[in-house]
Structures are given as structure tokens and as C-alpha cells.
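Dear colleague,

Please find below the sequence and the structure that I am handing over to you. My notes on what was found follow after them.

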Amino acid sequence: MAGAVSALFLLDIKGRVLVWRDYRGDVSAKQAERFFTKLIEKDGDAQSQDPVVYDNGVSYLFIQHSNVYLMTASRQNCNAASLLFFLHRVVDVFKHYFEELEEESLRDNFVVVYELLDEMMDFGYPQYTEANILSEFIKTDAYRMEVTQRPPMAVTNAVSWRSEGIQYKKNEVFLDVVEHVNILVNSNGQIIRSDVVGALKMRTYLSGMPECKLGLNDRILLEAQGRSTKGKAIDLDDIKFHQCVRLARFENDRTISFIPPDGSFDLMTYRLNTQVKPLIWVEAQVERHSRSRVEILVKARSQFKERRLMFKILFTNGKMIELYSTATNVEIELPVSSDASNPDVRTSMGSASYVPEDEALIWKIRSFPGGKEYMLRAEFTLPSITAEEATPERKAPIRVKFEIPYFTVSGIQVRYLKIIEKSGYHALPWVRYITMAGEYELRLI
């Protein structure tokens, strides 16, 4: 077993102790002063520091949130990653109780803070860090734990992320498959970075203790079942699951089974480091005329096919629906010289506006079907007299934002989502797909 924490400190931005909880009696309050002294010696910038400081036999692990330092001190050999994760969970719990974790909120609620620290860590070992569970027997309105209140069942059983006795009149599950496309293109039009970051986001409104099973078009699973994977399966890599997923079962047969938390949570995240063709490509030409005006010609082209998508609603009435892949809420941000003025802009689709405070021209297209190309022409006036020591013109990238519903770059598909509960109620699962622009930059100007 990894070593235990000796004490937990909450410090203000100047290193003064706001709250101190001693768990093992082998570290004094003066250790917090030594920690902050060592921190200042390393340039004093916590943002650029390693989260671990060692001094005179004591290991300090810390994070900073707003104007508060959260720091643990220990004389034993602890699991650093586990404790840093614990500190982040402490932040989440405090934000659940106080809306914002700041020095003022700690001073106003120090009684509740001590109660929470007593429940979240016992004799230096992390315990319960689920805010929904803690809030059932630590009442913020009274600023004290009710004597007659018994701990919920989730504290004493294996499902710490879900309470028993949850009831809904209408049992539903919403699953959103959301993918963010990250692309960086250099000035020569070459893609120097591309990847896809995806998440399976769930909202569950289910009664009792339901057992959920999720099936994806995972190549390993389909091949193990002897099914054809031609053009239908994907290779899932770099996967991270919510703690509710039974990892041993996934390792054995690639089955995703779990008892879901109540409400919203990320069931799974994944990353695909693969060459991605830019879904929306932007070309820009800048032409200067005798230093008095500049003309910009921009072409935006959607490089995904306007596919006719047929979805069978297996989860409701079994009907087929017809959809088309179309980018929506497209926003193209074009950098403009800081001394440009008198914009004259014409577009073949959408609308454009000049935002001088951001030194950018924003082109918005509400609906951008696949396989289409639109153009923008803009003309700006430049000052006739320039400074002798003019600063070099910045070369900011073209930034693109968009959303494509009913579409995923990776090709991931939900094959089934089953909900089983001992009471036998009928639950309605709903699945949506959407692709969005992440860090999408074209350095072409």
C-alpha cells in the first residue's frame, strides 16, 4: 500500500494557511511556510513549477486553483499521481458546495470545509470524493452534519458513484458521440498536425440500479465474433473510461458494461492520431495596391461529401430517417492588418463583419453542405503615410469553427445500448453524433 498523507493545507496566494487538517501528527504547520519558501526559490511562478517539492524529509504535492493553493505534506513514500488526482477531486467537491473555490469562500465556510476534509480523507488515505454522495449527509444550509442522518448506501457498497433509491417517471438515456478535429496547416499548405479527440457523453435518468451494456463497431470485438469488418470497424486507441466501467470485462471480451452515475458524465474518451483531411479548407490571397488599399480573396471549400445518411431508430419505433451531412454554424476568422479601415466586403454565402478590436474579419455561414465552395472578397483602405519604424506585420493563422451533426471523422458507431434493471422497466436510449472543430488553424496568410 502506498504511503499516507500527513497533513493537508489550503493556502492563500501569499502562502498563508487558511485551513489545515492534520491526519498523522508528524508534520507541523511550519512545514507550510517551508513549502512556500521553496516554491518562491524556484522563481515563484507556480504555473511553471513541478507539482512536487521535496525538502528535509517531507514531500509536498500541490495544485493551484484561482487564488488558493491545495497542498499535501507527507513523510512517507506516496503515490504522487493518486494524490494530485485527489486534490483535483477536492476542488470539484468544494466547487459543488461553494460554486467557486476562492479564498473568500473558504473563509465563509470553514466549518463545512473541515467536515468535508474529514470525510474525504481518513488517517491520510483518500476516501469518498463524489460530491453527490457527500452532499447527502453534509448539508450546506445547516453548515453541519445532521446527527440523525445516516450515510447513504453508496458509501458502504462498491458503487460509490451512484445512490440507491433513485426514481424517475420516465426512464431515458442520452448518448452524444462528440469528436473534435484538431488540424494545423503551415504556410505551404502542408498538414503538420492532425488528430481526432472523441468523447462519449451520457446523461442518464434511470431508476434503481440499472446495468448498461454498450456495443461499438470495434474491430477487435467484431473479429473475435467472426463478423465482417470491411469498411465498418474502427481501431479504438488511447481510451480512457469513467470509473463505472468494468475494466476487467473490457480487457477480456471488449464489452463495455457499467452501472451509470445519475445525471451527466463522460463514459469514455479516445484519441485517434491519424492523418485527417481538413473538412473545411480555406484559401486566401492578399493583394496590395500602391500601399493605399489591400484586397483579400478567400475561398472556403467543404471537403466532405454531402452523403445521404439513413438512420434506423432502433431504440424507439424502428423507422428509417433520412439526413444529410451539412456543416452548421461555420465561422472563419481571417486576420487583418491593424491599420486597415473602411471595409468593403462581399460574400457568395453568409455574412461577414470586421472586428477591429480583434484585428479580424469574421465570416459566418449558417449552413455549409458537403462538396460546396463559397467566396469572399474584401477591400480595406490603408494609411497613406506609414511610420519609418513600422512593426513587422503579424502573421496570424486563419481559424475555423464548425459543427457537423450526424457525422464522425473516425467512423465510430453505436451498435447497441442495452439497459437492464431488475424491476424490468422499459428505458428509451437516444444516440446523437456530432463533429466539431477543435484547434483548427490554417497558417496561410
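**The second largest pocket**

The second largest pocket holds about 850 Å³ of space. Among the 27 residues that line this pocket, R89, T129, E130, H242 and Q243 are the closest to its centre. Please bear in mind throughout that the model is a predicted one.

Which elements supply at least two residues each to the lining of the second largest pocket? They are the helices α2 (80-98), α5 (131-137) and α6 (153-156), together with the strands β11 (240-241) and β13 (263-272). The largest share comes from α2, which gives seven residues to the lining. By residue type, the lining of this pocket consists of 13 nonpolar, nine polar and five charged residues. As general background, rolling a probe the size of a water molecule over the atoms shows where empty space is left.

**The sheet of nine strands**

Two of the elements that line the pocket, β11 and β13, also appear in an open sheet of nine strands. The order of this sheet is β11-β13-β9-β8-β25-β23-β18-β21-β20, and its pairing is mixed. At the edges stand β11 and β20 (351-355), each of which pairs on one side only.

Within this sheet, strand β8 (residues 172-185) and β25 pair in the parallel sense, over 13 bridges. One example is E172, whose bridge partner in β25 is L428. Strands of a sheet pair through backbone hydrogen bonds, either parallel or antiparallel.

A residue of β25 deserves a closer look. A437 lies in this strand, which covers residues 428-442. Is A437 buried or exposed? A437 is buried, because its relative accessible area is 15%, and the cut-off for buried is under 20%. Leaving aside residues up to four places away in sequence, A437 touches H180, V181, V400, K401 and F402. The C-alpha atoms of A437 and I183 are 8.6 Å apart, although 254 residues separate the two along the chain.

**The sheet of four strands**

There is also an open sheet of four strands in the order β14-β15-β22-β19, with antiparallel pairing. Why is one side of β14 (280-289) and of β19 (341-347) left without a neighbour in the sheet? Both strands stand at the edges and have a single partner strand each, so one side of each has no neighbour there. From one strand to the next, the twist averages 15°.

The edge strand β19 pairs with strand β22 (residues 373-381) in the antiparallel sense, over five bridges. In this pairing, R346 stands opposite R377 in β22.

**Two hairpins that share a strand**

Finally, I would draw your attention to β3, β4 and β5. Strand β3 (residues 52-55) and strand β4 (residues 58-65) pair in the antiparallel sense over four bridges, and Y54 stands opposite S59 in β4. The hairpin of β3 and β4 has two residues between its strands, and N56 takes a positive phi near 55°.

On to the next hairpin: β4 pairs in the antiparallel sense with strand β5 (residues 68-74), over seven bridges. Here Y60 has A73 in β5 as its bridge partner. The hairpin of β4 and β5 also has two residues between the strands, and S66 in the turn has a positive phi of about 55°. When you view these strands, recall that in a regular strand the side chains alternate between the two faces of the sheet.

With kind regards

Technical notes: Residues numbered from 1 in each chain as written. Predicted model: local features only at pLDDT ≥ 70, side-chain atom pairs only at ≥ 80, totals over all residues. Heavy atoms only, no water. 1 Å grid on protein atoms, 1.4 Å probe; cavity = no way out; pocket = protein on both sides within 12 Å on 5 of 7 lines; lining within 4 Å. Points joined across faces, edges and corners; volume = space filled by probe spheres on them. Nonpolar A, V, L, I, M, F, W, Y, C, P; charged D, E, K, R; others polar. Buried < 20%, exposed > 50% of the residue type's maximum accessible area, 1.4 Å probe, protein only. Contact = heavy atoms within 4.5 Å. Pairing = 2+ DSSP bridges. Axes fitted to C-alpha atoms, helices over the stretch in contact; angles between N-to-C directions.
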